[in-house]
Amino acid sequence: MSNNDALPRIPDTRLSGNHWLRTVTLVVAGALQTLTLSPFQWWWLGPVSLVLILLASVPLAPHKLFRAGWFTGLGIFGSGASWVYISISEHGNTSVPLAILLTALFVAGLALFHAIAFWGWGKLAKESLVRRLLLFPAIWILGDWVRSWLLTGFPWLYLGNAHVDGPLGGFAPLVGVHGVTFWITVTSVAIYSAWWLVLNKRTANAVIVAVLALIPWVTGPTLSKIEWTSVSDEAVTFASMQGNIPQQIKWDPDFLRDQIVVYLGLTEEQWDTDLILWPETAIPIPQDQAGKIIEHIAEELGDNSTLITGIPWYGFSNRIEDFTFHNSIMAIGNGEGMYHKQKLVPFGEYVPLQQWLRGLIGFFDLPMSSFSRGPADQPPLIANGRRIMPFICYEVAYPDFVARNARGTDLLLTISNDGWFGDSIGPLQHLQIARMRALETGRYMLRGTNNGVTAIIDHKGQLAETIPQFERAVLTGEVYVASGSTPYMQTGSWPVLTLALILIVFVRERIIPKP
């Protein structure tokens, strides 16, 4: 190993040398990533955040990187995901002190993903500046990916989501959100490297690195003009009802009739629309008890109209050989099919270790928190002969899951009830995630919610029509079916994940000789 690559050659700064300043810098840098996302959408802060993280953490000894990663995670999730407090406190009947404690534990637990990733970064890179810089993008991406599935996953707050409106968005149909995030991390490493080269009087090399780092940002807008899928010229009329039902009465049997009347009233002038959408659990009783409601809807619909609604399902499951509940969505009228949600929200839709946790506090006994996971490889819904792939609430946050299930479909659809999170930034982040899924797949995404944001998202991830939050209203518009696949739909995230693994092996085995 050459002396130029040893840790003492890494430029030290006050950010890394002072413990308290380093800690504050890492937390603030993590919080800047929330500002890249909705509703702020300052995407340019992504590289700024990562450069600050590099300045504060690259010079550290390997054993200190675990804490550096944890403080980074605290900044990210403390600023970007602490909206769970609303569902714990307001809807979980939990006292304020306990709700604060549970939210803090949630944030601290999520921060461990970054802590472990940074610990692995230190173990692999040892005391080499070259290794640390080359491995940083690979470690960051693999950390994001593991977080998307481990313990059911929390695929939220990815830096790449910001670029549904940013210059790197053109890469989304090619490499997906993880690939976009990869380019952001590479850019940040290039900025740090250019700074290091200038300090070492290698200005010419610094200019070359800076120019190379700009290439994705220049080519991204050009790529966004490519039509990866073929969008039909034939319009499908669409209407979505936003009932704005208060969460406090959502599951109260005394208000069941009132809720159904609301949605029937909103649909009164739309029965002949090609495609009608009601949000998640708009019918708040299982389908085996809602026969008369379903029959009434079928009678009202026009001959060529289909209504798709969220509705719980109860019945015997051959997969688990028992009676069970599913959070589901079904097509009524000139269509068919029922889909059961596969990606369940912990504590909201099922309770881990429920034999010990049920009854301890109100949050562990939320209404309808006993759902079972739906089977894999469920077919799309059929509406007027069109294949529509539905995703219920949280499911739309899983990039590879959506890309895989979007194959061979005409439209994408997501329903949600973001009333759990009030007027926080959570629902707006959720909308932005749905927009990224539309961009990745080159398909219209139809979004129906209880209290916002109900929207039509076009195949470029742009908002065509919306209803403001917290209003009882009807969204109407036209949508267009798509055929074909984007490259990302065919490969998923595997190319960028494979690149990350190859980079780790290459750097580990070739860049620095074994001692």
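Mentor: Before we look at this predicted model, one cut-off: an angle over 145 degrees between helix directions counts as roughly antiparallel.

Trainee: OK. At what angle do the axes of H8 and H9 cross?

Mentor: Helix H8 (residues 172-199) and helix H9 (residues 203-223) cross at roughly 160 degrees, and their axes come within 8 Å. H8 and H9 are therefore roughly antiparallel to each other.

Trainee: Which residues of H8 and H9 make the contact?

Mentor: On the H8 side they include Leu-174, Trp-183 and Ala-190. On the H9 side, Val-209, Pro-216 and Trp-217 are among them. By class, the contact has twelve nonpolar, four polar and no charged residues.

Trainee: Is the crossing left-handed or right-handed?

Mentor: H8 passes H9 in a left-handed crossing.

Trainee: Switching to the sheet. What's the strand order in the open one?

Mentor: The order is E6-E4-E3-E2-E1-E13, six strands with mixed pairing. E6 (338-340) and E13 (473-483) are the edge strands, each pairing on one side only.

Trainee: How many bridges are there between E1 and E13?

Mentor: Ten, and E1 (residues 230-242) pairs with E13 in the antiparallel sense. Thr-237 stands opposite Glu-478 in E13.

Trainee: Which strands does helix H10 lie across?

Mentor: H10 (residues 256-267) lies across E1, E2, E3 and E13, and runs at about 135 degrees to E1.

Trainee: Last one. What do E11 and E12 form?

Mentor: A hairpin, with five residues between the two strands. E11 (residues 455-457) and E12 (residues 463-466) pair over three bridges in the antiparallel sense. Ile-457 has Leu-463 in E12 as its bridge partner. In the turn, Gly-461 has a positive phi of about 80 degrees.

Definitions and conventions. Residues numbered from 1 in each chain as written. Predicted model: local features only at pLDDT ≥ 70, side-chain atom pairs only at ≥ 80, totals over all residues. Heavy atoms only, no water. Pairing = 2+ DSSP bridges. Helix = DSSP H or I, 4+ residues; strand = E, 2+ residues; numbered from the N terminus. Axes fitted to C-alpha atoms, helices over the stretch in contact; angles between N-to-C directions. Parallel < 35°, antiparallel > 145°, perpendicular 65-115°, else oblique. Left-handed = near helix turned anticlockwise from the far one by under 90°. Contact = heavy atoms within 4.5 Å. Nonpolar A, V, L, I, M, F, W, Y, C, P; charged D, E, K, R; others polar.
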